[in-house]
Every structure is written in C-alpha cells, then in structure tokens.
Amino acid sequence: MKYGEITHFSHPQHKLRFEYVEVPFKCDGCKEVGIGSRFKCALCDYDLHKHCALPAPSSSPAAVFYHPFYSKCAFQFLARPPGDAPRFCNACEKDVNGFVYHCRACGFDLHPCCANLPHTLEAGDGLRLYLYRKVGAPCHRCGRKGRSWSYRSSCKKYNLHVSCVMEMLVESWQEIYFGGGVGAGGGGAAGYATSGGGYVTTRGYGAGGFGNVPRKVDGGYGGIGKANRIPSIKGTAQNRHRRKGKVKKCCEMAGMAVQFIISAVLGDPTAIIAGVIGSFISR
Ligand SMILES: [Zn+2]
Ligand SMILES: [Zn+2]
Ligand SMILES: [Zn+2]
Ligand SMILES: [Zn+2]
Ligand SMILES: [Zn+2]
C-alpha cells in the first residue's frame, strides 16, 4: 500500500491523500477534531485522522485491537457506535459519534485517537509524560483524581486528565463560535446543529450512518481552517499554582506539556501546535 494515498471504505468514491496541516480539522470518521497528519479527499473536503484512516489492525474485519489498559478486552473497529444509547469514550469521557473501538463483552469504547494515545510523550527539555489509566494525585486543571486517563510527568509533579485537555479545547472552541460576537445571532442555531457534532451531543448524527452524515459545509472545524481561526486555550495551569518561586518554572513546564498532550489527543503527537494553540503560554 502506498502510504500517501489510500482508498477508504467510508469514502470509496475517491482516493484519500495524506497531508499535514497545522490548523484543526474535523475528522469525518470519528467526528472529533484533529490536527497534523490527515487523509483528505480534496474534492469533497472529506478528512480522516491517520488513526481513523488506517485503523489497527486493518488486515481483516475480524481482527481485534488490544489495549494494555484493558488487557482482557478485544476491541473491534466499528464505523459507528453500536445501539441507540449514548456512548462515551473510556479514555477521554467524550461522546462517541463515529468511528470507535468497541469491546462487545464489556461495552467499553475508545475513540480511535484515544486508543492510539502514546504511552510516552517526549515533551522536550528532557520532560517525559506517561499515560496512566488512573493516577493517585490530583489533576493540574480540575484538581480531581478520578475521571479519565491522565498524562503524568516523569517528575510526578504534573498530572493532566485527557478529558481536561478535551474540555480546554471545547471551551476555547465554544468561545469562538458562541461567544465574543462571532456570528452569535441569526443562523447560529443551524450552524450549531450541523457543525457541533464534534463536541456537542447530537445523537441522531452518529446513528445515521455514512450515507446520511451531513456535509460540514457551514461553520464547524472546517470553518476554523478556512477562516484561519486560531483556538486558544482557556483555563490554563497558572491558576492552580500560586506559591511564589516555583510558580514560573512549574507553569512553563505545564504549558509545554499541555501542547504535547493536545497534539497527541488530536491524533498526531508530532504535530507542531505551538503557533496554533500555544498562545496561552505567553500570557
Ligand atoms: Zn478520526
Ligand atoms: Zn471525495
Ligand atoms: Zn472488554
Ligand atoms: Zn476519547
Ligand atoms: Zn482533570
């Protein structure tokens, strides 16, 4: 298989071409946001995360995916979540609206990008982050221990839930769409319903199957790309560390770590997002 160009079952009419972009896009497979590597049909503006375009293992339909956190689970790659009940990703706690790894035996679900989150992230300057299913220390952002998977720094001083990273992104994107006078009135409602699938619960969406998935013509993450709207992250780490002295260093590290975690969560840990999402660090 040529890596640069693939034929995908979800978009059989055209080939999808590999490309790399440093602006967010909405994946038409899992309906989540992506950045960096993607497979795209330029004719249709159809985008897939690398992990959605090339699910592992892709050799046969019966093949299953095993995750070290759930060693007894045999995950199958499905084009949409099974059944009609709302489903949530066990890694990030967000809705599952499209492509998913699903374990039939226990009902666990993982977004393709969550299933492929790196277990170790090299965050630069010798800082390493390790992925844990649970950590015993509070999260840097929400102050809680439980909830979703977390990345923890090698020095163990810094923990951040994958779900909290998602929330930061959601908040900043919501602000772009619904706050700050950006198209707040008028056709806002329609834009909301059709383009919000990435992070707003729209159940009918996932159940419709491929044939009925609305094209992301108005607004949506495609809109971000086109308008070159840069999301910035709210709720930064600074608030939680008020002790003098250590503040700066700790928060510099936190900011750096967040960038790496964000790009991993968005499907490409190698993506350079400093210019895209990193503006909060300089505040
Ligand atoms: Zn995807
Ligand atoms: Zn196409
Ligand atoms: Zn299972
Ligand atoms: Zn997830
Ligand atoms: Zn948290």
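Guide: Before we start, one working term: two strands count as paired when DSSP finds at least two bridges between them. What you have above is a predicted model.

Visitor: OK, then how many residues lie between strand 2 and strand 3 in their hairpin?

Guide: These two strands run antiparallel and are joined by seven bridges. One of the bridged pairs is Lys26 with Val33 in strand 3. In the turn, Lys31 has a positive phi of about 70°. The number of residues between strand 2 and strand 3 is six.

Visitor: And which residue takes a positive phi in the hairpin of strand 3 and strand 4?

Guide: Strand 3 and strand 4 pair antiparallel over four bridges, and Lys40 stands opposite Asp47 in strand 4. Their hairpin has four residues between the strands. The phi in question is near 55°, and the residue that takes it is Asp45.

Visitor: Leu43 sits around there too. Is Leu43 buried or exposed?

Guide: Leu43 is in the loop between strand 3 (33–41) and strand 4. Its C-alpha is 8.3 Å from that of His14, which is 29 residues away along the chain. The cut-off for exposed is 12 or fewer C-beta atoms within 10 Å. Leu43 has 10 such neighbours, so it counts as exposed.

Visitor: What about strand 3 itself: how many of its residues are buried?

Guide: Strand 3 has nine residues and is mostly covered. The buried ones number eight.

Visitor: Which strands stand at the edges of the sheet, each with a single partner strand?

Guide: The sheet is open, with four strands in the order 1-2-3-4 and antiparallel pairing. One side of each edge strand is left without a neighbour, because each has a single partner; these are strand 1 (5–7) and strand 4 (46–49).

Visitor: Which residue in strand 2 is the bridge partner of Ile6?

Guide: Strand 1 pairs with strand 2 (residues 15–26) in the antiparallel sense, over three bridges. In strand 2, the partner of Ile6 is Leu16.

Visitor: Lys50 is a lysine, but is it buried or exposed?

Guide: Lys50 lies in helix 1 (residues 50–53). Beyond four places in sequence, its contacts are Ser37, Arg38, Phe39, Gly267 and Asp268; the C-alpha of Asp268 is 7.9 Å away, though 218 residues along the chain. The cut-off for buried is 20 or more C-beta atoms within 10 Å. Lys50 has 21, so it counts as buried.

Visitor: Moving on to the core: which helix gives the largest share of it?

Guide: The largest nonpolar core has 52 residues, and those with the most contacts inside it include Leu110, Cys114, Ile261 and Val265. Seven residues of this core come from one helix, the largest share, and that is helix 8 (residues 247–265).

Visitor: Which residue in strand 8 is the bridge partner of Tyr101?

Guide: Strand 7 (residues 100–103) and strand 8 pair antiparallel over two bridges. The partner also touches residues further off in sequence, among them His67, Phe75 and Cys89. In strand 8, the partner of Tyr101 is Leu110.

Visitor: Which residues of strand 10 point to one face and are buried?

Guide: The side chains alternate along strand 10 (residues 128–132). Arg128, Tyr130 and Tyr132 point to the other face and are not buried. That leaves, on the buried face, Leu129 and Leu131.

Visitor: Which residue of strand 11 does Tyr132 stand opposite?

Guide: Strand 10 is joined on the one hand to strand 9 (residues 120–122), by three bridges, and on the other to strand 11 (residues 150–153), by four. Both pairings are antiparallel. Opposite Tyr132, in strand 11, stands Ser150.

Visitor: One last check: over which residues is the pLDDT below 50, with 94 contacts beyond near neighbours in sequence?

Guide: The protein chain averages a pLDDT of 72, and 63% of its residues score at least 70. Residues 278–283 also stay under 50, but for them the model has seven contacts beyond four places in sequence. The stretch with 94 contacts is residues 180–248.

Notes:
Residues numbered from 1 in each chain as written. Chains lettered and ligands numbered in written order. Predicted model: local features only at pLDDT ≥ 70, side-chain atom pairs only at ≥ 80, totals over all residues. Core = buried A, V, L, I, M, F, W, Y, C linked by C-beta atoms within 7 Å. Contact = placed C-beta atoms within 7 Å. pLDDT = per-residue confidence, 0-100.
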